[in-house]
Amino acid sequence: MTIHQSISAAVAIAATDLKLLLRDKLDAFFTFVFPLIFAIFFGWVFGGAGGGETGKIELGIVQLDKSASATAFADDLAKLDGFAATRFDDEAAAKDKIRKGELVACVVIPEDFNAKFEGLFATGTGPTVRGYVDPSRRGEAGLLEGRLTELAFKGMTRTFTNTESMKKQLAKARESIEKSPETDPSRKFVFNTFLTGIEGLLADNARRAAQAPGSEGATTGGLGAGMENFRPVRIELEQLQQQRTGPTNSYEVSLPQGIVWGLMGCVTAFVGTLAVDRQRGTLVRLMCSPLSTSTIIAGKSLAGFVSCMAVQWLLIGVFAVAFKVRVPEPLMLLLATTCASLGFVGLMMFLAVMGRASDGSGGMGRAVVLVLAMIGGGTIPVFIMPKIMQTISGISPFSWAVRAVEGATWRSMSLTELLWPCGVLLAIGAVGFTLGAMMFRTHARTH
């Protein structure tokens, strides 16, 4: 048989399998329609794209100011309940972690943090603490802003009630007043008198603290009271969405989930089809024909590949048109879906020949695939799972398919970054296909 005849025979086998799949209305529904309904439903339910809290919130801290007050602020931030803090020296590295989904947010303590605090009396403006958040985690962003405000007041109290710190602030305020060309001498006199009175109060508090051993007055005697309504720190949280590093709506999160269920439907459908062919003797008749074993395997695999690609791009097309899901790099997405399809062709080939009977292969295949789909992002998006579950999900090929699709859509991964999940999928496909083909040939020879 020539190569051209082998290819034609493989295509004919694939076309027959696809026709049989479409003829079975139930199988066709769960392979192509159910994943679409599932993805739309979860996109509607999520609304805020996964805003629920699961375990500790991954937070990055970038401390550009190495002063004592900035260090104290960073230490307080790292100790907050419900947060798992990681320190970074580079702001760009922390933002990149958010883009990859490894951090929920990062906080940047600016270089002028301490200087702004010490010059608060002189300028009337405190430091600005910047933050960057994953736009899909709106609930955590609101919580972070509240906790930052709380820490700002704590830092303000610590700074304002410290005698030495207050002396520095008063000295800067006096210097600013003296250098101000817009302030007339009479007002300068009033301001200086006021500042002198405050300095006298600080000195008196320091003397009293020194006479009361064991008290905290030696370091905290000052103007801490009555500052509750003061806002010494500005907090600016910025979503990285404008850099196309996060989902713009919940449907961008649920699309990979729908793809998981679509791939699961393809695997279970073709595992069942191959098992039934074995039971009915269809494979035996094919083996007795002039067709080679490689041609039969190629035909079956081609049918599985076409169905996997069809269900993925059906979902992508509907979500892009109806729900404005972005496809910023179509070629990258084509690479991701192609690798996912090849990976699952290998998986379905392996599962199809594991059992001796159709019920055994089909039942075992459905059970294995269902578990892998659930831990791989089919029920809960991988990136909002607790850390331990994210680690466990790495054994599931569905998880790598989700990472590849997310990387080619809202995560906007580079080609280099996308090669890792795509490479894992290809490795899974190669191993599964090789083992499945070997077992298929062995089974064919014994029958």
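Helices (DSSP runs of H or I, at least four residues long) and strands (runs of E, at least two) are numbered here from the N terminus. By this count the protein has 18 helices and 5 strands. The model is a predicted one, in which local features need pLDDT of at least 70 and side-chain atom pairs count only at pLDDT 80 or more, while totals for chains, interfaces and linings use all residues. Residues are numbered from 1 along each chain as its sequence is written, and side-chain values use heavy atoms, with hydrogens and water left out.

A look at the whole protein comes first. A residue is called buried when its relative accessible area is under 20%, exposed when it is over 50%, and partly exposed in between (1.4 Å probe, protein chains only). Of the 447 residues in the protein, 49% are buried. The protein exposes about 20900 Å², and carbon and sulfur atoms supply 63% of this area; accessible areas come from the Shrake-Rupley method with a 1.4 Å probe, and for residues only the protein chains shown count as cover. Contact means heavy atoms within 4.5 Å. Among contacts with a separation of 6 or more, 78% involve residues 24 or more positions apart.

The strands are a good place to begin the tour. Two strands pair if DSSP finds at least two bridges between them. An open sheet of 5 strands follows the order S2-S1-S3-S4-S5, with mixed pairing. Its edge strands are S2 (83–88) and S5 (234–239), each of which pairs on one side only. From one strand to the next, the twist averages 25 degrees. Axes are lines fitted to C-alpha atoms (for helices, over the stretch in contact), and angles between N-to-C directions run from 0 to 180 degrees.

Strand S1 (residues 57–63) runs parallel to strand S3 (residues 105–109), and 5 bridges join the two. S1 also pairs with S2 in the parallel sense, over 6 bridges. Gly60 illustrates both pairings: its bridge partner in S3 is Cys106, and in S2 Gly60 stands opposite Thr86. How many residues of S1 are buried? The count is 7 of 7, and S1 is mostly covered. On one side the buried residues are Ile57, Leu59, Ile61 and Gln63, and on the other they are Glu58, Gly60 and Val62. Helix H3 (residues 68–78) lies across S1, S2, S3 and strand S4 (128–133), and runs at about 170 degrees to S1.

Attention now moves to a helix later in the chain. Helix H17 (residues 397–408) has 12 residues and reaches 17 Å from its first C-alpha to its last, close to the 16 Å expected at 1.5 Å a residue; the expected span is 1.5 Å times one less than the number of residues. H17 is largely enclosed by the rest of the structure, because 11 of its 12 residues are buried. Among these buried residues are Phe398, Trp400, Val402 and Glu406. A polar contact is a pair of N or O atoms within 3.5 Å; within protein, one must be able to donate a hydrogen and the other to accept it, and residues adjacent in sequence count only if both atoms are side-chain atoms. One such contact is at the start of H17, where a side-chain oxygen of Ser396 comes within 3.2 Å of the backbone nitrogen of Phe398.

The loop between H17 and helix H18 (415–446) holds Thr409. Thr409 counts as buried because its relative accessibility is 4%. A polar atom of its side chain lies 2.7 Å from the backbone oxygen of Val405. Leaving aside neighbours within four places in sequence, Thr409 is in contact with Arg326, Pro328 and Leu333. Ser412 is found in this loop between H17 and H18 too, and counts as partly exposed at 26% relative accessibility. Phi of Ser412 is near 50 degrees, a positive value in a residue other than glycine.

Lys324 also has a positive phi, of about 60 degrees, although it is not a glycine. Lys324 sits in the loop between helix H13 (293–322) and helix H14 (330–352). Is Lys324 buried or exposed? With a relative accessible area of 63%, Lys324 is exposed.

Gly376 completes the tour, in helix H15 (residues 358–378). Its relative accessible area is 0%, so Gly376 is buried. Leaving aside neighbours within four places in sequence, Gly376 is in contact with Val260, Val382, Ser396, Phe398, Ser399 and Val402. Gly376 and Gln390 are 14 residues apart in sequence, and their C-alpha atoms are 8.5 Å apart in space.
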